[in-house]
Amino acid sequence: YDPSLDITMLDSTQKRIDFINESRKMLGLGGSTVCARAEEYALKAGAQFDIVTSRAVAPLNILTELSMYFLKKGGLFMPMKSSAYEDELARAQSAVKKMGGLFVRAETYPLMPGLERSVLIIQKADEGRKPRRYAQIVKKPL
């Protein structure tokens, strides 16, 4: 942990935010938390972050629209996906492009014997579009 990092953790559920805050306190970690929906907070916060990460909470095309708007130009979107990410990445290419992204590479890491996860590295190359409301994103993904 690097205390010089300014980390903001976002979740739409207060129960998870409470858990994160309690865990941060117990571990002596800094950072801040926000309880909000990603697509709503992105419009409020704007493009201010250098790196956006996520766990595997949604298909990549949906996650890309929810996450890329947070990034400054040149910033990195780094979602965690299964090690078999290739098909999902192919289906998400339209969303990556429309949100101003460019796939750079994937890094695969072993979590335990027989279980790997990949972190995709997508750079924000240009401004891209604003995220739509979640219902629209899910109903008609990019």
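Val57 counts as partly exposed in this predicted model, because its relative accessibility of 48% falls between the 20% limit for buried residues and the 50% limit for exposed ones. Val57 belongs to the loop that links β3 and α3. Although 22 residues separate Val57 from Pro79 in sequence, their C-alpha atoms are 9.4 Å apart in space.

**The sheet**

On one side of the Val57 loop is β3, a member of an open sheet of four strands. The strand order is β3-β4-β6-β5, and the pairing is mixed. The edges are formed by β3 (residues 49–54) and β5 (residues 101–112); each has a single partner strand, so one side of each lacks a neighbour in the sheet. On average, neighbouring strands are turned by 20 degrees against each other, direction ignored. In general, the strands of a sheet pair through backbone hydrogen bonds, in either the parallel or the antiparallel sense.

Both senses occur here: β3 and β4 are parallel and share five bridges, while β4 (residues 71–82) and β6 (residues 115–124) run antiparallel and are likewise joined by five bridges. Individual residue pairs across these strands are listed below.

| Residue | Opposite residue | Strand of the opposite residue |
|---|---|---|
| Thr53 | Met78 | β4 |
| Phe77 | Ile122 | β6 |
| Met80 | Val119 | β6 |

**Helices against the sheet**

Two helices lie across the strands. Helix α3 (residues 60–67) lies across β3, β4 and β6, and runs at about 150 degrees to β4. Helix α4 (residues 86–98) lies across β4, β5 and β6, at about 140 degrees to β5.

The axes of α3 and α4 come within 8 Å and cross at roughly 35 degrees, and the crossing is right-handed. From α3, the residues Leu60, Asn61 and Thr64 take part in the contact; their counterparts in α4 are Glu88, Leu89, Arg91, Ala92, Ala95 and Val96. Sorted by class, this contact comprises five nonpolar, two polar and two charged residues.

Is Asn61, a residue of helix α3, buried or exposed? Asn61 is buried, because its relative accessible area of 16% is under the 20% limit. Setting aside residues up to four places away in sequence, Asn61 touches Arg91, Ala92 and Ala95, and also Pro141 and Leu142. Of these, Arg91, Ala92 and Ala95 lie in α4.

**The nonpolar core**

In soluble globular proteins, nonpolar side chains tend to be buried together. The largest nonpolar core of this model has 22 residues, of which Val52, Leu60, Met68, Phe70 and Phe77 touch the most other members. At least two residues of this core come from each of α2 (residues 38–45), β3, α3, β4, α4 and β6. Helix α4 gives the most, with four residues.

Which residues does Val52 contact, leaving aside its neighbours within four places in sequence? The contacts of Val52 are Ser67, Phe70, Leu71, Leu76, Phe77 and Met78. Two of these, Phe70 and Phe77, are named with Val52 among the core residues that touch the most other members. Phe77 also has a bridge partner in β6, namely Ile122, and Met78 is the residue that stands opposite Thr53. Leu60, another of the core residues with the most contacts to other members, is in addition one of the α3 residues that meet α4.

Terms used. Residues are numbered from 1 along each chain as its sequence is written. This is a predicted model: local features need pLDDT of at least 70, side-chain atom pairs count only at pLDDT 80 or more; totals for chains, interfaces and linings use all residues. Side-chain values use heavy atoms; hydrogens and water are left out. Two strands pair if DSSP finds at least two bridges between them. Axes are lines fitted to C-alpha atoms, for helices over the stretch in contact, and angles run from 0 to 180 degrees between N-to-C directions. Contact means heavy atoms within 4.5 Å. A crossing is left-handed if the near helix is turned anticlockwise from the far one by less than a right angle, and right-handed if clockwise. Ala, Val, Leu, Ile, Met, Phe, Trp, Tyr, Cys and Pro count as nonpolar, Asp, Glu, Lys and Arg as charged, and the others, Gly among them, as polar. Buried means under 20% relative accessible area, exposed over 50%, partly exposed in between (1.4 Å probe, protein chains only). A nonpolar core is a set of buried Ala, Val, Leu, Ile, Met, Phe, Trp, Tyr and Cys residues joined through side-chain atoms within 4.5 Å.
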